[in-house]
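Here is a friendly walk through one model, from a helix pair to the RNA-facing surface. Have the viewer open as you read.

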Amino acid sequence: MKKLLDLITEEVAKAFEAAGYNTSYARVSISNRPDLCEYQCNGAMAAKKEYKKAPIMIAQDIVAQMTDSSMFEEVAAVNPGFINIKLSGAYAAQYMTEMEADENLSVEKAAEPKTIMIDYGGPNVAKPLHVGHLRSAIIGESIKRMGRFMGHKVIGDVHLGDWGLQMGLIITELQERQPSLPYFDEAFSGPYPEEAPFTIGELEEIYPAASGKSKVDEAYKEKALEATHQLQLGRPGYMALWKHIMTVSVADLKRNYQKLNVDFDLWKAESDAQPYIPELVQLMKDKGLAHEDQGALIVDVKQESDAKEVPPLLLLKSDGSSLYATTDLATIVERMKLFNPDEIIYVVDKRQEMHFVQVFRAARMAGLVKEETGLRFLGFGTMNGKDGKPFKTRDGGVMRLENLIKDINDEMFKKIVENRSVRDTEATKTAEMVGLSAIKYGDLSNQASKDYVFDVDRFTSFEGNTGPYILYTMVRIKSILARYTEGGGVLENGKILAPANGVEKDLMLKCARFNAVMENAFDEKAPHKICSYIYELSNDFNRFYHETKILSEENEVQKASWIALLDLVRRVLEACIDVLGFEAPERM
RNA sequence: GCGUUUGUAGCUCAGGGGAUAGAGCAACGGUUUCCGGUACCGUGUUGUCGGGGGUUCGAUUCCCUCCAGACGCGCCA
């Protein structure tokens, strides 16, 4: 379906043409003065220069051509040259009816679907997920779902960190603790044990211990670097250990992401890109892009237009082992080969922007991607505590994601049982659903690129711009619809009538914005625009609800119309929260 | 030091070349023939849109500069 603003613009453009003005000035926008009108066109003021005429005169000429259009209830030319528009109620109702009949709720799917890969999540194996991983998962998941809603083929890849120094650190620490294990015996000819020599709990304790030691003990760090290198060279014992680490860790990660309702199509890892590294390095050398510098192999990626010199990309360390950038470039090679995407989007902490600038430039210089392939860095800001500093536990440690989720769910559970007589089993499940909405909405309602304050009390509140408020509104609608059908009503039978009052019209016009909002939010990769939209839509519904007694309405046609409108609002809200990555319960 | 980025109400955040810069929270007051009151309505010189210049008929929005914070600057990821 066409967007309502486009339809209005087309109609206004006809008036511009009839009055003898260039139709390019006819663009209509939503009014910023809702007390005066619903839509406005500022084109008369912009056209002033071309026609050397007072804007108000131009506006009057145009308005004169619009007065008999059935689309409008009211049009006016206002000083200094605004064209103010009110839509006719019948037209709004007609739009609602068409929207209701459209399974995509008026959103037009992409005419040419793209293959888009989203690199998000990015956890390191053998380390527990902490709050730092929250944003990538939540934002990435939402963008993936938006893309799919718009009709694109979107592939989400978790891109595990399984090949860097942290693996060497774990191997080194394991050797310190259990030197007799066969993995460290170079003479051992196998086969290695099938059971991992550690549990996930032990693994999560080993890494921080090793990391701590490496910072104070130079020799220890050397060992870890060497172990990393040996792993990259494929030393059998280390490879066997690496497999154990992966098995144990990935199972745990999957469990945790599932709790967040975050789902990856691919569980690829840095190690998967390793086979592509030799040819990558050779290519970079052959093309004259890579050269040696202080023993390392580097690629100059600076450009003349840079305000500040961009440092070279390090392709290989002086000991020949690969680095972050090497792996990311090799991953691009792999992705192009396996999936040939039109675009790759990286949802990563914004502090890594420079790294991606280097990687993208190198990838383009070397022709690893097609010219038209998009490489997009979507950096997100830090999640801070109420003090404005990075979010920590009460004693100053790193907050594990599991614990954060548990805290929120406990809080939600308390609120739910306090106010409702729901059974405990149901309350637990409901608390999880509402809790997830609190976390995700709290995050996504902020612009991704900015730092934001994670405030548990605010996010879990049922009042204000929060996930629980949105869910409450939806549950309320569902409740009314359920009563209607219980009373023998049929949802599909209603024809939506022209709005009975201004509040109902506001609700309709807000509904009608859905397609434009979704399209724009995806274009800009801005989930927060969906949040602010459903917040406004919820407010409009609650206002309407407050003024209108729906179920007790005696005129059955009117009642059916309202029910149909409610069902439409419900569907729009469902679609939006699904894209945001959470769900509404039946009761709460 | 260089660079990137942010600065909007007491707090948390939207917005964005145009008509009176908006929401929520917090504070105070109101709404009950109630389909879920975890709702709705109202009140405040809520404000030098960080300061100063410039472009423009018009700047909070674009450009420059200064101030403040965050972040990044070759062998970690």
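## A helix pair

At what angle do helix α6 and helix α21 pack, and how far apart are their axes? This is a predicted model, and in it α6 (residues 134–149) and α21 (residues 556–580) pack at an angle of about 135 degrees, with 7 Å between their axes. Because an angle that is neither roughly parallel, roughly antiparallel nor roughly perpendicular counts as oblique, α6 is oblique to α21.

To find the contact in your viewer, select S142, R145, M146 and F149 on the α6 side; they meet D578, V579 and L580 of α21. By character, the residues of this contact are four nonpolar, one polar and two charged.

## Domains

Zooming out, the domain assignment divides chain A into domain 1 (4–87), domain 2 (111–380) and domain 3 (411–580). The centres of domain 1 and domain 2, taken over C-alpha atoms, are separated by 55 Å.

## A three-stranded sheet

Next comes an open sheet of three strands, ordered β7-β8-β9 with antiparallel pairing. The edges are held by β7 (290–293) and β9 (313–316); each has a single partner strand, so one side of each has no neighbour in the sheet. On average, neighbouring strands here are turned by 45 degrees against each other, direction ignored.

For a closer look at one pairing, β7 and β8 (residues 296–299) are joined in the antiparallel sense over four bridges. Within it, H291 stands opposite I298 of β8.

## The surface near RNA strand B

Which residues come nearest to RNA strand B? Out of 69 residues around the strand, they are G164, K317, F462, G464 and L551. Several elements give two or more residues to this surface, among them α2 (43–46), β4 (82–87), β8, α13 (353–365) and α20 (527–547). The largest share, seven residues, comes from α17, which spans 467–486.

Sorted by character, the residues of the surface near RNA strand B comprise 29 nonpolar, 25 polar and 15 charged.

## Two backbone details

Two spots are worth a look if you are checking torsions. The peptide bond from N79 to P80 is cis, with omega near 0 degrees; P80 sits in the loop between β3 (72–78) and β4.

The other spot is K52, a residue other than glycine whose phi is positive, near 50 degrees. K52 is found in the loop between α3 (48–51) and α4 (55–66).

Definitions and conventions: Residues are numbered from 1 along each chain as its sequence is written. Chains are lettered from A and ligands numbered from 1 in the order in which they are written. This is a predicted model: local features need pLDDT of at least 70, side-chain atom pairs count only at pLDDT 80 or more; totals for chains, interfaces and linings use all residues. Domain bounds come from an automatic or database domain assignment. Two strands pair if DSSP finds at least two bridges between them. Axes are lines fitted to C-alpha atoms, for helices over the stretch in contact, and angles run from 0 to 180 degrees between N-to-C directions. Angles under 35 degrees count as roughly parallel, over 145 as roughly antiparallel, 65 to 115 as roughly perpendicular and the rest as oblique. Two residues are in contact if their C-beta atoms, placed from the backbone, lie within 7 Å. Ala, Val, Leu, Ile, Met, Phe, Trp, Tyr, Cys and Pro count as nonpolar, Asp, Glu, Lys and Arg as charged, and the others, Gly among them, as polar. A residue is near a molecule or strand if its C-beta atom, placed from the backbone, lies within 6 Å of it.
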